[in-house]
Amino acid sequence: MKLSILSIIFFLLLSTAAKPGESYILTGRETSIFGIFQADLKAYPELYEGEDVNAYYQSFKTLNNLGERKLKPGEELIFPDTALSKKIKEAEAAEAARAAAEAEAAVAAAEAAEAQTQGAAAPAAAPSTAPYGEVSLFGTDRPSSARPQQPDRANAEAQQQQARQQAINHFQYNLLPFLMFDYSRNIIGNIEDGNIDILVEQAQETVDERFAKALVLHAYPEQKTYVLQFEKPEKVGEYFFFAIKKEDSGTFRFYSLEMGITFFGTGNKGVLHEWLSAGDYSDLGGRSYNDLPSFLKELKNGKPEVADDEDSKE
């Protein structure tokens with residue numbers, strides 16, 4: 001009895017409708033593809049407002065190759081973004097960029113104020129208090145030329161660093177998956193041609209020029225694998241790599257390897273995720289590596305599996 005109840009709960013969770021831009025996992029209990037589509041329309045009517053439903057449904061079928069695929073339980077169907085869902089994601093990216101720009105402006109203002117303060121006339125040296133004819137043990141008393149860092153500047157720099165980390169997180173966990181799963185932009189096609197100009201441009205607008213310049217594409221067309229390399233992570237959760245792997249069926253799988261937690265040589269150097277949609281990923285667990293050759297080796301050996309606790313510590 002317990003097993004059947006858990007199974008029912010599991011299938012109910014899987015049958016939850018997916019937002020535009022996300023994926024739906026087939027449970028085997030669906031009556032039709034159009035029924036899945038209708039359920040999604042009812043679940044998120046606000047995201048389909050103003051959308052040509054017939055045109056969207058055709059895009060849905062084309063994106064998932066529904067005219068030729070033989071579907072099985074456990075497979076995923078990807079819902080394309082609507083105009084409204086795309087607008088929401090772009091607004092989130094713009095907000096992250098705005099916060100980073102404000103923090104940078106605050107640092108610039110603090111530096112200008114400090115420069116103005118340092119440019120003011122320095123106070124005259126105080127005369128020695130030693131009696132006439134004697135030499136003061138510590139020489140002439142005068143204020144130290146070293147000035148402590150201005151609190152406003154320190155706070156502004158901390159805010160700028162925090163805003164930059166938030167912008168990196170937004171780019172890697174929100175904007176990048178959104179761009180990858182928005183097939184109408186042909187981002188993957190450009191990557192297969194060795195072109196990442198759009199990603200570099202988005203990285204510069206969302207984070208900064210240093211982050212954008214560090215973005216590198218490693219292409220392995222013979223393995224149908226393409227890997228984006230980021231600047232060296234400074235915080236747990238930031239990406240080392242993001243990989244696109246094309247299956248023989250023509251579909252794509254997306255993987256991110258992020259910085260893990262290590263203490264005195266123990267723990268996980270990396271953590272592997274498989275992205276199922278623009279807003280959902282599966283945690284495949286810790287990895288003992290964070291380098292490109294090891295990452296490629298695991299991808300080449302087939303679909304990565306969830307790591308056991310002991311495996312991740314090796």
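Helices and strands here are DSSP runs, numbered from the N terminus. With that naming in hand, we can walk through the structure, keeping in mind that this is a predicted model.

Let's start at a bit of surface. I261 has its place in the loop between β6 (252–259) and β7 (262–263). Buried or exposed, or something in between, for I261? Its relative accessibility is 48%, so I261 counts as partly exposed. I261 also has company out there: together with V236, F263 and F264 it forms a nonpolar patch on the surface. The accessible area of these four residues together is about 520 Å².

Now hop over to a pair of helices. Two packed helices are described by the angle between their axes and the distance between the axes. Here the pair is α2 (residues 33–43) and α3 (residues 53–63), which pack at an angle of about 125 degrees, with axes 12 Å apart. That angle makes α2 oblique to α3, because anything from 65 to 115 degrees would count as roughly perpendicular and anything over 145 as roughly antiparallel. As for handedness, α2 and α3 make a right-handed crossing.

The loop between α2 and α3 is where you'll find E49. With 59% relative accessibility, E49 counts as exposed, since the cut-off for that label is over 50%. If you follow the chain 34 residues away from E49 you get to A83, and the C-alpha atoms of the two are separated by 8.8 Å.

A similar check can be made in helix α7 (residues 197–206), where A203 lies. A203 is buried, with a relative accessible area of 0%. Its C-alpha atom is 9.1 Å from that of L176, a residue 27 positions apart from A203 along the chain.

On to the charged side chains. Side chains of opposite charge can pair when their charged atoms come close. How many salt bridges does a search of the whole structure find? The count is twelve, and a few are worth a look one by one.

Take E209 and K213, whose side chains meet in a salt bridge with an N to O distance of 3.0 Å. Both sit in helix α8 (residues 209–213), and because they are four residues apart there, about one helical turn separates them. E209 is partly exposed, at a relative accessible area of 41%, while K213 is exposed, at 64%.

Helix α8 has another salt bridge to show: R210 pairs with E231, and the closest N and O atoms are 3.9 Å apart. This pair links distant parts of the chain, with R210 in helix α8 and E231 in the loop between β4 (225–229) and β5 (239–246), 21 residues apart. The two partners have their own surroundings: R210 counts as partly exposed at 48% relative accessibility, whereas E231 is buried, with a relative accessible area of 13%.

Then there is E274 with R253, a salt bridge whose closest N and O atoms are 2.6 Å apart. E274 lies in strand β9 (residues 270–277) and R253 in strand β6, so the pair ties together parts that are 21 residues apart in sequence. Of these partners, E274 is buried at a relative accessible area of 4%, and R253 is partly exposed at 26%. Coming back to R210 and E231, they belong to a bigger arrangement: salt bridges that share partners join them with R164 and D208 into one network.

Last stop, the backbone. Most residues other than glycine have a negative phi, and most peptide bonds are trans. Which residue in the loop between α5 (151–181) and α6 (187–192) is worth checking with that in mind? Look at N186: its phi is near 60 degrees, a positive value in a residue other than glycine. N186 counts as partly exposed, at 43% relative accessibility.

K224 gives you a second case, with a positive phi near 55 degrees, again in a residue other than glycine. You'll find K224 in the loop between β3 (216–220) and β4. Its relative accessible area is 35%, so K224 is partly exposed.

How values were computed
Residues numbered from 1 in each chain as written. Predicted model: local features only at pLDDT ≥ 70, side-chain atom pairs only at ≥ 80, totals over all residues. Heavy atoms only, no water. Patch = residues over 30% accessible without salt bridge, like charges linked within 9 Å, V, L, I, M, F, W, Y side chains within 5 Å. Areas by Shrake-Rupley, 256 points an atom, 1.4 Å probe, with all protein chains shown as cover. Helix = DSSP H or I, 4+ residues; strand = E, 2+ residues; numbered from the N terminus. Buried < 20%, exposed > 50% of the residue type's maximum accessible area, 1.4 Å probe, protein only. Axes fitted to C-alpha atoms, helices over the stretch in contact; angles between N-to-C directions. Parallel < 35°, antiparallel > 145°, perpendicular 65-115°, else oblique. Left-handed = near helix turned anticlockwise from the far one by under 90°.
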